[in-house]
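Let's take a walk through a protein together. Keep the structure open beside you and find each piece as we come to it.

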Amino acid sequence: MSFDTLGLSAELLRAVSEQGYTEPTPIQRKAIPVILQGKDVMAAAQTGTGKTAGFTLPLLQLLSKKPVHNGLRPVRVLVLTPTRELAAQVGESIETYGRHLPVKSAVVFGGVKINPQIEKLRRGVDILVATPGRLLDHAGQKTVDLSQVEILVLDEADRMLDMGFIHDIRRVLALLPENHSRQNLLFSATFSNDIKQLAHRLLNHPELIEVARRNATAERINQVVHPVDKSRKRELLSHLIGSQNWRQVLVFTRTKHGANRLAQQLERDGLHAAAIHGNKSQGARTRALAGFKNGDVRVLVATDIAARGLDIDQLPHVVNYELPNVPEDYVHRIGRTGRAGNEGEAVSLVCVDEHKLLRDIEHLLKKEITSVVLDGYAPDPGIRAEPIQQGKNGRGKSQPRKQNQARRGSSSVQKPAAAQKKFNSEDRGGKSTPQKAVQKRGPRKPAGSQPKSQQHRPSQGRERASLLGGG
Ligand code: AMP
(Lines give C-alpha, C1' and ligand atoms only; values in the text may rest on other atoms or scores of the structure.)
Protein backbone atom coordinates (compact mmCIF):
# COMPACT_ATOMS: atom_id res chain seq x y z
CA MET A 1 0.00 0.00 0.00
CA SER A 2 1.32 3.43 -0.85
CA PHE A 3 0.77 6.82 0.75
CA ASP A 4 -1.33 7.96 -2.26
CA THR A 5 -4.37 6.05 -1.06
CA LEU A 6 -4.63 7.83 2.28
CA GLY A 7 -6.13 11.04 0.95
CA LEU A 8 -3.10 13.23 1.57
CA SER A 9 -2.45 16.33 -0.54
CA ALA A 10 0.26 16.53 -3.20
CA GLU A 11 2.41 18.80 -0.98
CA LEU A 12 2.40 16.28 1.83
CA LEU A 13 3.02 13.33 -0.47
CA ARG A 14 6.00 15.20 -1.86
CA ALA A 15 7.42 15.81 1.62
CA VAL A 16 6.89 12.16 2.52
CA SER A 17 8.65 10.91 -0.57
CA GLU A 18 11.52 13.35 0.06
CA GLN A 19 11.96 11.55 3.38
CA GLY A 20 12.37 8.33 1.43
CA TYR A 21 9.24 6.74 2.89
CA THR A 22 7.71 4.42 0.36
CA GLU A 23 4.79 3.06 2.31
CA PRO A 24 2.89 4.06 5.41
CA THR A 25 3.49 2.22 8.66
CA PRO A 26 0.47 0.41 10.19
CA ILE A 27 -0.34 3.30 12.56
CA GLN A 28 -0.18 5.75 9.65
CA ARG A 29 -2.45 3.54 7.54
CA LYS A 30 -5.03 3.46 10.30
CA ALA A 31 -4.74 6.90 11.84
CA ILE A 32 -4.36 9.20 8.83
CA PRO A 33 -7.77 8.57 7.19
CA VAL A 34 -9.58 8.72 10.54
CA ILE A 35 -7.94 11.99 11.58
CA LEU A 36 -8.64 13.46 8.15
CA GLN A 37 -12.33 12.73 8.78
CA GLY A 38 -12.13 14.96 11.85
CA LYS A 39 -12.69 12.16 14.36
CA ASP A 40 -11.21 11.89 17.82
CA VAL A 41 -8.61 9.18 18.15
CA MET A 42 -7.28 7.09 20.98
CA ALA A 43 -4.21 5.32 19.62
CA ALA A 44 -2.13 2.69 21.31
CA ALA A 45 1.13 3.15 19.54
CA GLN A 46 4.62 2.96 20.82
CA THR A 47 7.25 5.37 19.81
CA GLY A 48 9.10 3.99 16.82
CA THR A 49 5.95 3.00 14.98
CA GLY A 50 5.83 6.17 12.90
CA LYS A 51 3.09 7.67 15.06
CA THR A 52 4.43 11.22 14.76
CA ALA A 53 3.86 11.30 11.01
CA GLY A 54 0.61 9.46 11.75
CA PHE A 55 -0.83 12.56 13.40
CA THR A 56 1.36 15.29 11.88
CA LEU A 57 0.50 14.60 8.23
CA PRO A 58 -3.29 14.71 8.62
CA LEU A 59 -3.30 17.70 10.93
CA LEU A 60 -1.13 19.63 8.48
CA GLN A 61 -3.63 18.77 5.80
CA LEU A 62 -6.64 19.79 7.90
CA LEU A 63 -5.02 23.14 8.66
CA SER A 64 -4.01 23.90 5.11
CA LYS A 65 -7.48 22.99 3.80
CA LYS A 66 -9.03 25.55 6.13
CA PRO A 67 -6.69 28.53 6.14
CA VAL A 68 -7.43 31.56 8.30
CA HIS A 69 -7.45 34.69 6.18
CA ASN A 70 -7.69 37.56 8.61
CA GLY A 71 -3.93 37.94 8.84
CA LEU A 72 -3.71 36.87 12.45
CA ARG A 73 -2.46 33.37 13.13
CA PRO A 74 -4.08 31.99 16.23
CA VAL A 75 -2.78 28.70 17.58
CA ARG A 76 -5.04 26.17 15.89
CA VAL A 77 -3.22 22.97 16.79
CA LEU A 78 -1.67 22.25 20.16
CA VAL A 79 0.59 19.23 20.63
CA LEU A 80 1.50 18.46 24.23
CA THR A 81 4.50 16.25 24.92
CA PRO A 82 6.07 15.11 28.17
CA THR A 83 9.68 16.02 27.43
CA ARG A 84 11.68 18.72 25.73
CA GLU A 85 13.38 16.21 23.45
CA LEU A 86 10.10 14.83 22.23
CA ALA A 87 8.72 18.33 21.74
CA ALA A 88 11.78 19.22 19.65
CA GLN A 89 11.40 16.07 17.58
CA VAL A 90 7.71 16.58 16.94
CA GLY A 91 8.53 20.17 15.97
CA GLU A 92 11.13 18.92 13.50
CA SER A 93 8.63 16.48 12.01
CA ILE A 94 6.10 19.26 11.51
CA GLU A 95 8.74 21.37 9.78
CA THR A 96 9.78 18.44 7.62
CA TYR A 97 6.34 17.27 6.54
CA GLY A 98 4.96 20.78 6.28
CA ARG A 99 7.83 22.21 4.25
CA HIS A 100 5.68 22.70 1.12
CA LEU A 101 2.74 24.20 2.99
CA PRO A 102 2.30 27.75 4.27
CA VAL A 103 1.95 26.56 7.87
CA LYS A 104 3.89 28.08 10.74
CA SER A 105 4.85 26.15 13.82
CA ALA A 106 6.74 26.73 17.04
CA VAL A 107 8.06 24.61 19.87
CA VAL A 108 8.12 25.82 23.47
CA PHE A 109 9.70 24.01 26.40
CA GLY A 110 11.46 24.89 29.60
CA GLY A 111 15.18 25.07 30.31
CA VAL A 112 15.78 27.67 27.62
CA LYS A 113 15.11 31.42 27.41
CA ILE A 114 11.47 32.33 27.17
CA ASN A 115 11.88 35.59 25.22
CA PRO A 116 12.64 34.11 21.78
CA GLN A 117 9.59 31.89 22.26
CA ILE A 118 7.46 34.92 23.14
CA GLU A 119 8.69 36.69 20.04
CA LYS A 120 7.84 33.72 17.83
CA LEU A 121 4.40 33.35 19.37
CA ARG A 122 3.76 37.06 18.93
CA ARG A 123 4.37 36.75 15.20
CA GLY A 124 1.72 34.03 15.06
CA VAL A 125 1.90 30.26 14.73
CA ASP A 126 -0.62 27.72 13.50
CA ILE A 127 0.82 24.73 15.31
CA LEU A 128 2.32 24.89 18.76
CA VAL A 129 4.24 21.99 20.26
CA ALA A 130 4.79 22.38 23.98
CA THR A 131 5.67 20.76 27.25
CA PRO A 132 2.96 21.53 29.80
CA GLY A 133 5.05 23.57 32.28
CA ARG A 134 6.44 26.10 29.85
CA LEU A 135 3.10 26.36 28.08
CA LEU A 136 1.47 27.35 31.37
CA ASP A 137 4.25 29.89 31.95
CA HIS A 138 3.33 31.45 28.61
CA ALA A 139 -0.35 31.32 29.43
CA GLY A 140 0.37 33.00 32.79
CA GLN A 141 2.24 35.79 31.00
CA LYS A 142 -0.53 36.01 28.41
CA THR A 143 1.98 35.41 25.65
CA VAL A 144 -0.09 32.60 24.18
CA ASP A 145 -3.79 32.42 23.37
CA LEU A 146 -5.21 28.93 23.24
CA SER A 147 -8.85 29.90 22.87
CA GLN A 148 -8.95 29.02 19.18
CA VAL A 149 -7.35 25.59 19.26
CA GLU A 150 -9.11 23.27 16.83
CA ILE A 151 -7.00 20.14 17.33
CA LEU A 152 -5.38 18.93 20.52
CA VAL A 153 -2.78 16.15 20.46
CA LEU A 154 -1.56 14.49 23.65
CA ASP A 155 1.56 12.63 22.65
CA GLU A 156 2.94 9.92 24.93
CA ALA A 157 0.11 10.54 27.33
CA ASP A 158 1.14 7.67 29.58
CA ARG A 159 4.47 9.30 30.18
CA MET A 160 2.85 12.63 30.91
CA LEU A 161 0.82 11.01 33.65
CA ASP A 162 3.84 9.10 34.96
CA MET A 163 5.65 12.40 35.22
CA GLY A 164 2.88 13.92 37.27
CA PHE A 165 1.61 16.30 34.60
CA ILE A 166 -2.07 15.53 35.12
CA HIS A 167 -2.73 18.80 36.96
CA ASP A 168 -0.88 20.80 34.35
CA ILE A 169 -2.85 19.03 31.64
CA ARG A 170 -6.09 19.94 33.37
CA ARG A 171 -4.99 23.55 33.59
CA VAL A 172 -4.12 23.57 29.90
CA LEU A 173 -7.47 22.01 29.01
CA ALA A 174 -9.22 24.81 30.86
CA LEU A 175 -7.60 27.29 28.45
CA LEU A 176 -8.91 25.53 25.33
CA PRO A 177 -12.33 25.69 23.71
CA GLU A 178 -14.83 23.06 24.95
CA ASN A 179 -13.64 19.57 24.12
CA HIS A 180 -16.61 18.78 21.86
CA SER A 181 -15.76 21.78 19.69
CA ARG A 182 -12.25 20.58 18.93
CA GLN A 183 -10.68 17.37 17.64
CA ASN A 184 -8.75 15.41 20.24
CA LEU A 185 -6.01 12.88 19.56
CA LEU A 186 -4.45 10.85 22.32
CA PHE A 187 -1.38 8.70 21.73
CA SER A 188 -0.04 6.40 24.38
CA ALA A 189 2.25 3.39 24.41
CA THR A 190 0.46 1.77 27.32
CA PHE A 191 -3.10 1.97 28.58
CA SER A 192 -3.38 2.13 32.33
CA ASN A 193 -6.65 2.93 34.07
CA ASP A 194 -5.43 6.50 34.54
CA ILE A 195 -5.02 6.88 30.79
CA LYS A 196 -8.46 5.43 30.18
CA GLN A 197 -9.95 7.94 32.62
CA LEU A 198 -8.15 10.80 30.92
CA ALA A 199 -9.33 9.54 27.54
CA HIS A 200 -12.88 9.28 28.81
CA ARG A 201 -12.80 12.91 29.94
CA LEU A 202 -11.10 14.21 26.85
CA LEU A 203 -12.29 12.29 23.82
CA ASN A 204 -15.65 12.32 22.04
CA HIS A 205 -16.61 8.95 20.61
CA PRO A 206 -13.00 8.23 19.76
CA GLU A 207 -11.88 5.80 17.13
CA LEU A 208 -9.67 3.23 18.81
CA ILE A 209 -6.50 2.44 16.95
CA GLU A 210 -4.14 -0.23 18.09
CA VAL A 211 -1.19 -1.38 16.07
CA ALA A 212 0.98 -3.31 18.47
CA ARG A 213 -0.22 -5.57 21.20
CA ARG A 214 -0.86 -3.58 24.32
CA ASN A 215 2.34 -3.28 26.32
CA ALA A 216 4.04 -5.44 23.73
CA THR A 217 7.58 -4.77 22.67
CA ALA A 218 8.37 -4.39 19.00
CA GLU A 219 8.75 -7.79 17.42
CA ARG A 220 11.96 -6.82 15.71
CA ILE A 221 13.80 -6.19 18.93
CA ASN A 222 15.98 -9.06 19.98
CA GLN A 223 15.92 -9.07 23.78
CA VAL A 224 18.44 -10.77 26.00
CA VAL A 225 19.30 -10.76 29.69
CA HIS A 226 22.88 -11.21 30.88
CA PRO A 227 22.95 -12.16 34.56
CA VAL A 228 25.97 -10.50 36.17
CA ASP A 229 27.03 -9.22 39.55
CA LYS A 230 26.26 -5.59 40.15
CA SER A 231 29.90 -4.78 40.79
CA ARG A 232 30.92 -6.17 37.41
CA LYS A 233 28.31 -4.53 35.22
CA ARG A 234 30.54 -1.69 34.10
CA GLU A 235 33.31 -4.09 33.15
CA LEU A 236 30.88 -6.27 31.21
CA LEU A 237 29.35 -3.28 29.46
CA SER A 238 32.74 -2.02 28.28
CA HIS A 239 33.60 -5.52 27.21
CA LEU A 240 30.40 -5.95 25.19
CA ILE A 241 30.78 -2.59 23.48
CA GLY A 242 34.41 -3.24 22.61
CA SER A 243 34.26 -6.91 21.67
CA GLN A 244 31.05 -6.63 19.66
CA ASN A 245 32.17 -3.34 18.16
CA TRP A 246 28.95 -1.53 19.01
CA ARG A 247 29.25 1.93 17.52
CA GLN A 248 26.11 3.55 18.92
CA VAL A 249 24.71 2.39 22.24
CA LEU A 250 22.02 3.93 24.40
CA VAL A 251 22.48 2.83 28.01
CA PHE A 252 19.87 3.29 30.71
CA THR A 253 20.60 3.81 34.36
CA ARG A 254 18.08 4.30 37.12
CA THR A 255 19.57 7.48 38.52
CA LYS A 256 21.05 10.72 37.25
CA HIS A 257 24.07 10.28 39.48
CA GLY A 258 24.51 6.74 38.19
CA ALA A 259 24.33 8.04 34.60
CA ASN A 260 27.08 10.60 35.29
CA ARG A 261 29.34 8.11 36.97
CA LEU A 262 28.89 5.48 34.33
CA ALA A 263 29.62 7.95 31.53
CA GLN A 264 32.80 9.03 33.32
CA GLN A 265 33.90 5.45 33.90
CA LEU A 266 33.27 4.50 30.28
CA GLU A 267 35.35 7.49 29.21
CA ARG A 268 38.15 6.16 31.40
CA ASP A 269 37.74 2.84 29.60
CA GLY A 270 38.40 4.68 26.36
CA LEU A 271 34.80 4.80 25.15
CA HIS A 272 33.48 8.21 24.21
CA ALA A 273 30.41 8.59 26.40
CA ALA A 274 28.01 11.33 27.49
CA ALA A 275 25.22 11.43 30.04
CA ILE A 276 21.78 12.88 29.41
CA HIS A 277 19.34 13.52 32.26
CA GLY A 278 17.12 16.13 33.77
CA ASN A 279 19.85 17.87 35.78
CA LYS A 280 21.79 18.70 32.64
CA SER A 281 21.17 22.04 31.03
CA GLN A 282 19.17 21.99 27.84
CA GLY A 283 22.32 22.98 25.95
CA ALA A 284 24.25 20.03 27.36
CA ARG A 285 21.39 17.69 26.54
CA THR A 286 21.14 18.95 22.99
CA ARG A 287 24.92 18.70 22.50
CA ALA A 288 25.06 15.16 23.91
CA LEU A 289 22.21 14.05 21.68
CA ALA A 290 23.70 15.72 18.59
CA GLY A 291 27.08 14.09 19.31
CA PHE A 292 25.40 10.73 19.71
CA LYS A 293 23.44 11.10 16.50
CA ASN A 294 26.47 12.13 14.44
CA GLY A 295 28.65 9.36 15.83
CA ASP A 296 31.05 11.46 17.97
CA VAL A 297 29.58 10.03 21.14
CA ARG A 298 29.58 6.26 21.10
CA VAL A 299 27.69 5.65 24.33
CA LEU A 300 24.84 7.81 25.54
CA VAL A 301 23.93 7.09 29.15
CA ALA A 302 20.42 8.21 29.96
CA THR A 303 17.79 8.13 32.64
CA ASP A 304 14.28 7.10 31.65
CA ILE A 305 12.78 10.52 31.62
CA ALA A 306 15.55 12.18 29.63
CA ALA A 307 15.51 9.45 27.02
CA ARG A 308 11.79 9.44 26.56
CA GLY A 309 10.89 10.22 23.00
CA LEU A 310 14.44 10.19 21.69
CA ASP A 311 14.26 9.30 18.05
CA ILE A 312 17.57 8.16 16.72
CA ASP A 313 17.47 6.68 13.27
CA GLN A 314 18.39 3.02 13.22
CA LEU A 315 19.70 2.90 16.77
CA PRO A 316 21.00 -0.65 16.94
CA HIS A 317 21.69 -1.22 20.66
CA VAL A 318 19.93 -0.40 23.89
CA VAL A 319 21.39 -1.58 27.18
CA ASN A 320 19.51 -1.69 30.45
CA TYR A 321 22.43 -1.19 32.75
CA GLU A 322 19.89 -1.26 35.52
CA LEU A 323 16.35 -2.46 35.11
CA PRO A 324 13.68 0.19 35.57
CA ASN A 325 11.49 0.22 38.68
CA VAL A 326 8.38 0.52 36.56
CA PRO A 327 7.99 -2.38 34.11
CA GLU A 328 6.36 -0.19 31.45
CA ASP A 329 9.59 1.81 31.32
CA TYR A 330 11.30 -1.30 29.98
CA VAL A 331 8.95 -1.22 26.99
CA HIS A 332 9.67 2.48 26.46
CA ARG A 333 13.40 2.00 26.82
CA ILE A 334 13.81 -0.80 24.37
CA GLY A 335 11.42 0.96 22.00
CA ARG A 336 14.37 3.29 21.27
CA THR A 337 15.70 0.53 19.03
CA GLY A 338 13.98 -1.56 16.37
CA ARG A 339 12.24 1.56 15.12
CA ALA A 340 10.34 1.85 11.86
CA GLY A 341 11.10 -1.65 10.72
CA ASN A 342 14.78 -1.78 11.63
CA GLU A 343 16.21 -4.60 13.70
CA GLY A 344 17.43 -3.78 17.17
CA GLU A 345 19.02 -5.43 20.13
CA ALA A 346 18.10 -4.79 23.75
CA VAL A 347 20.49 -6.15 26.34
CA SER A 348 19.74 -6.12 30.06
CA LEU A 349 22.48 -6.56 32.64
CA VAL A 350 20.65 -8.06 35.58
CA CYS A 351 22.08 -8.59 39.05
CA VAL A 352 20.55 -10.61 41.85
CA ASP A 353 18.87 -7.54 43.33
CA GLU A 354 16.85 -7.07 40.17
CA HIS A 355 15.23 -10.48 39.82
CA LYS A 356 11.90 -9.19 41.08
CA LEU A 357 12.01 -6.31 38.58
CA LEU A 358 12.79 -8.78 35.81
CA ARG A 359 9.86 -10.97 36.79
CA ASP A 360 7.56 -7.92 36.72
CA ILE A 361 8.80 -7.04 33.23
CA GLU A 362 8.31 -10.58 31.97
CA HIS A 363 4.85 -10.61 33.49
CA LEU A 364 4.01 -7.43 31.58
CA LEU A 365 5.47 -8.82 28.34
CA LYS A 366 3.80 -12.16 28.98
CA LYS A 367 7.00 -13.91 28.02
CA GLU A 368 10.33 -14.88 29.47
CA ILE A 369 13.34 -13.04 28.10
CA THR A 370 16.19 -15.29 26.99
CA SER A 371 18.92 -15.34 29.59
CA VAL A 372 22.54 -15.82 28.53
CA VAL A 373 25.32 -16.11 31.08
CA LEU A 374 28.50 -14.82 29.51
CA ASP A 375 31.59 -16.84 30.16
CA GLY A 376 33.74 -15.10 32.73
CA TYR A 377 30.82 -13.03 34.03
CA ALA A 378 28.68 -15.65 35.75
CA PRO A 379 27.17 -14.15 38.87
CA ASP A 380 28.62 -15.22 42.19
CA PRO A 381 25.84 -17.46 43.54
CA GLY A 382 26.84 -16.54 47.06
CA ILE A 383 25.78 -12.92 46.68
CA ARG A 384 22.45 -12.27 48.28
CA ALA A 385 19.87 -9.84 46.95
CA GLU A 386 19.92 -6.42 48.56
CA PRO A 387 17.05 -3.93 48.42
CA ILE A 388 17.44 -1.61 45.48
CA GLN A 389 18.46 1.85 46.55
CA GLN A 390 16.18 4.45 45.06
CA GLY A 391 18.16 7.32 43.69
CA LYS A 392 16.73 10.71 43.05
CA ASN A 393 15.07 9.14 40.04
CA GLY A 394 13.46 6.46 42.13
CA ARG A 395 9.90 6.53 41.05
CA GLY A 396 6.96 4.28 40.89
CA LYS A 397 3.56 4.87 39.43
CA SER A 398 2.32 5.82 42.86
CA GLN A 399 4.93 8.54 43.15
CA PRO A 400 4.32 11.11 40.50
CA ARG A 401 6.62 14.05 40.42
CA LYS A 402 5.72 17.00 42.51
CA GLN A 403 4.20 19.72 40.45
CA ASN A 404 6.87 22.29 41.05
CA GLN A 405 9.48 19.79 39.98
CA ALA A 406 7.49 18.73 36.99
CA ARG A 407 7.12 22.34 35.98
CA ARG A 408 10.84 22.88 35.95
CA GLY A 409 11.39 20.48 33.11
CA SER A 410 11.93 16.81 32.79
CA SER A 411 14.00 16.01 35.84
CA SER A 412 12.89 13.25 38.11
CA VAL A 413 11.43 12.78 41.54
CA GLN A 414 13.75 14.08 44.16
CA LYS A 415 13.84 11.97 47.25
CA PRO A 416 16.04 12.46 50.26
CA ALA A 417 19.33 10.79 49.47
CA ALA A 418 19.10 7.36 50.97
CA ALA A 419 22.01 6.12 52.96
CA GLN A 420 23.96 4.22 50.39
CA LYS A 421 25.11 0.73 51.04
CA LYS A 422 28.46 0.53 49.35
CA PHE A 423 29.50 -2.51 47.45
CA ASN A 424 32.89 -3.65 46.50
CA SER A 425 33.77 -4.19 42.93
CA GLU A 426 35.85 -7.25 43.62
CA ASP A 427 38.80 -7.91 41.41
CA ARG A 428 38.02 -11.18 39.83
CA GLY A 429 41.21 -11.46 37.89
CA GLY A 430 41.81 -11.80 34.18
CA LYS A 431 39.13 -11.14 31.62
CA SER A 432 38.15 -14.15 29.63
CA THR A 433 36.48 -13.92 26.28
CA PRO A 434 32.80 -14.34 26.96
CA GLN A 435 31.36 -17.41 25.35
CA LYS A 436 27.67 -17.55 25.20
CA ALA A 437 25.89 -20.24 27.12
CA VAL A 438 22.13 -20.02 27.00
CA GLN A 439 20.74 -20.60 30.42
CA LYS A 440 17.09 -21.37 30.90
CA ARG A 441 15.95 -19.79 34.09
CA GLY A 442 14.06 -22.13 36.32
CA PRO A 443 12.24 -20.93 39.38
CA ARG A 444 14.68 -18.68 41.11
CA LYS A 445 16.12 -20.10 44.27
CA PRO A 446 16.68 -17.86 47.21
CA ALA A 447 20.36 -17.15 47.57
CA GLY A 448 20.46 -19.06 50.83
CA SER A 449 19.47 -22.25 49.07
CA GLN A 450 22.73 -22.41 47.12
CA PRO A 451 25.16 -25.19 47.97
CA LYS A 452 27.21 -24.26 50.99
CA SER A 453 30.44 -24.16 49.04
CA GLN A 454 29.00 -21.43 46.78
CA GLN A 455 27.47 -19.33 49.49
CA HIS A 456 28.77 -15.87 49.93
CA ARG A 457 31.09 -15.39 52.85
CA PRO A 458 30.78 -11.93 54.34
CA SER A 459 34.53 -11.88 54.91
CA GLN A 460 35.00 -11.79 51.14
CA GLY A 461 34.68 -8.06 51.66
CA ARG A 462 32.77 -6.83 48.65
CA GLU A 463 31.84 -3.51 50.23
CA ARG A 464 32.89 -0.61 48.00
CA ALA A 465 31.57 1.82 45.48
CA SER A 466 28.43 0.90 43.65
CA LEU A 467 27.36 2.24 40.31
CA LEU A 468 23.85 2.20 41.66
CA GLY A 469 24.69 5.13 43.91
CA GLY A 470 21.59 7.25 43.73
CA GLY A 471 22.85 10.77 44.08
P1 AMP B 1 7.95 7.85 15.54
O2 AMP B 1 7.29 6.59 16.01
O3 AMP B 1 6.99 8.85 15.08
O4 AMP B 1 8.88 8.38 16.59
O5 AMP B 1 8.83 7.50 14.24
C6 AMP B 1 9.91 6.63 14.27
C7 AMP B 1 10.80 6.77 13.04
O8 AMP B 1 10.16 6.24 11.89
C9 AMP B 1 11.20 8.17 12.68
O10 AMP B 1 12.61 8.20 12.52
C11 AMP B 1 10.54 8.45 11.35
O12 AMP B 1 11.33 9.27 10.55
C13 AMP B 1 10.40 7.07 10.76
N14 AMP B 1 9.23 6.90 9.88
C15 AMP B 1 8.00 7.43 10.05
N16 AMP B 1 7.17 7.03 9.06
C17 AMP B 1 7.87 6.22 8.26
C18 AMP B 1 7.55 5.47 7.06
N19 AMP B 1 6.34 5.49 6.54
N20 AMP B 1 8.53 4.75 6.51
C21 AMP B 1 9.78 4.70 7.07
N22 AMP B 1 10.13 5.38 8.16
C23 AMP B 1 9.20 6.12 8.77
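## Starting from one residue

Find I241, which sits in helix α10, the helix made of residues 233-243. Keep in mind that what you're looking at is a predicted model. Is I241 buried or exposed? It has 21 C-beta neighbours inside 10 Å, and the cut-off for being buried is 20 or more, so I241 counts as buried.

Which residues does I241 touch, once we skip its neighbours within four places in sequence? They are W246, V249, L271 and V299. Take V299: it is 58 residues away from I241 along the chain, yet the two C-alpha atoms are separated by 8.8 Å. Contacts of this kind show up across the protein too. Among contacts between residues at least 6 apart in sequence, 79% join residues at least 24 apart.

Now let V299 lead you onward, into strand β11, residues 299-302. Both faces of β11 are covered. V299 and V301 are buried on one side, while L300 and A302 are buried on the other. In a regular strand, side chains alternate between the two faces of the sheet.

What does β11 pair with? One partner is strand β9 (residues 249-252), joined to β11 in the parallel sense over four bridges. Here V249 stands opposite V299, and both of those residues are on the contact list of I241. Another partner is strand β10 (residues 273-276), which also pairs with β11 in the parallel sense over four bridges. In that pairing, I276 has A302 as its bridge partner. To get from β10 to β11, follow helix α12 (residues 282-294): together the three make a right-handed β-α-β unit.

Next, move to a sheet elsewhere in the chain. Seven strands form this open sheet, and their pairing is parallel. Reading across, the order is β3-β4-β2-β5-β6-β1-β7. Why do β3 and β7 each have one side without a neighbour in the sheet? β3 (105-108) and β7 (207-210) stand at the edges, so each has a single partner strand. On average, neighbouring strands in this sheet are turned by 15° against each other, direction ignored. As for what holds strands together, strands of a sheet pair through backbone hydrogen bonds, either parallel or antiparallel.

Zoom in on β1, residues 41-44. This strand is covered on both faces: V41 and A43 are buried on one side, M42 and A44 on the other. Four bridges join β1 to strand β6 (residues 183-188), which runs parallel to it, and A44 is partnered there by S188. Four bridges also join β1 to β7, again running parallel, with A43 matched to I209.

Slide across to β2 (residues 77-80) and β4 (residues 127-130), which run parallel and are joined by four bridges. V79 in β2 and V129 in β4 are bridge partners. Lying across β2, β3 and β4 is helix α6 (residues 132-140), which runs at about 105° to β3.

Several residues from these strands turn up again in the largest nonpolar core. It has 65 residues, and those touching the most other members are A43, L78, L128, V129 and A130. Leaving aside neighbours within four places in sequence, A130 is in contact with L78, L80, A87, V108, F109 and L135. Apart from this core lies another, of 48 residues, including A346, L349, C351 and V352. In soluble globular proteins, nonpolar side chains tend to be buried together.

For a last stop, go back towards the beginning of the chain, to helix α1 (residues 10-18), where L12, A15 and V16 are buried. These three cover an arc of only 100° around the axis, which puts them on the same side of α1. An α-helix has 3.6 residues a turn, so residues three or four places apart point the same way. The buried residues of α1 pack against α3 (51-65) and α4 (84-97). Which exposed residues sit on the face turned away from the buried side? A10 and E18 do. After α1 comes G20, with a positive phi near 85°.

Now zoom out. The protein has 16 helices and 15 strands, and buried residues make up 47% of its 471 residues.

Terms used
Residues numbered from 1 in each chain as written. Predicted model: local features only at pLDDT ≥ 70, side-chain atom pairs only at ≥ 80, totals over all residues. Pairing = 2+ DSSP bridges. Helix = DSSP H or I, 4+ residues; strand = E, 2+ residues; numbered from the N terminus. Axes fitted to C-alpha atoms, helices over the stretch in contact; angles between N-to-C directions. Contact = placed C-beta atoms within 7 Å. Buried ≥ 20, exposed ≤ 12 C-beta atoms within 10 Å, placed from the backbone. Arc of directions from axis to C-beta. Core = buried A, V, L, I, M, F, W, Y, C linked by C-beta atoms within 7 Å. Right-handed = clockwise from strand over helix to strand, strands pointing away.
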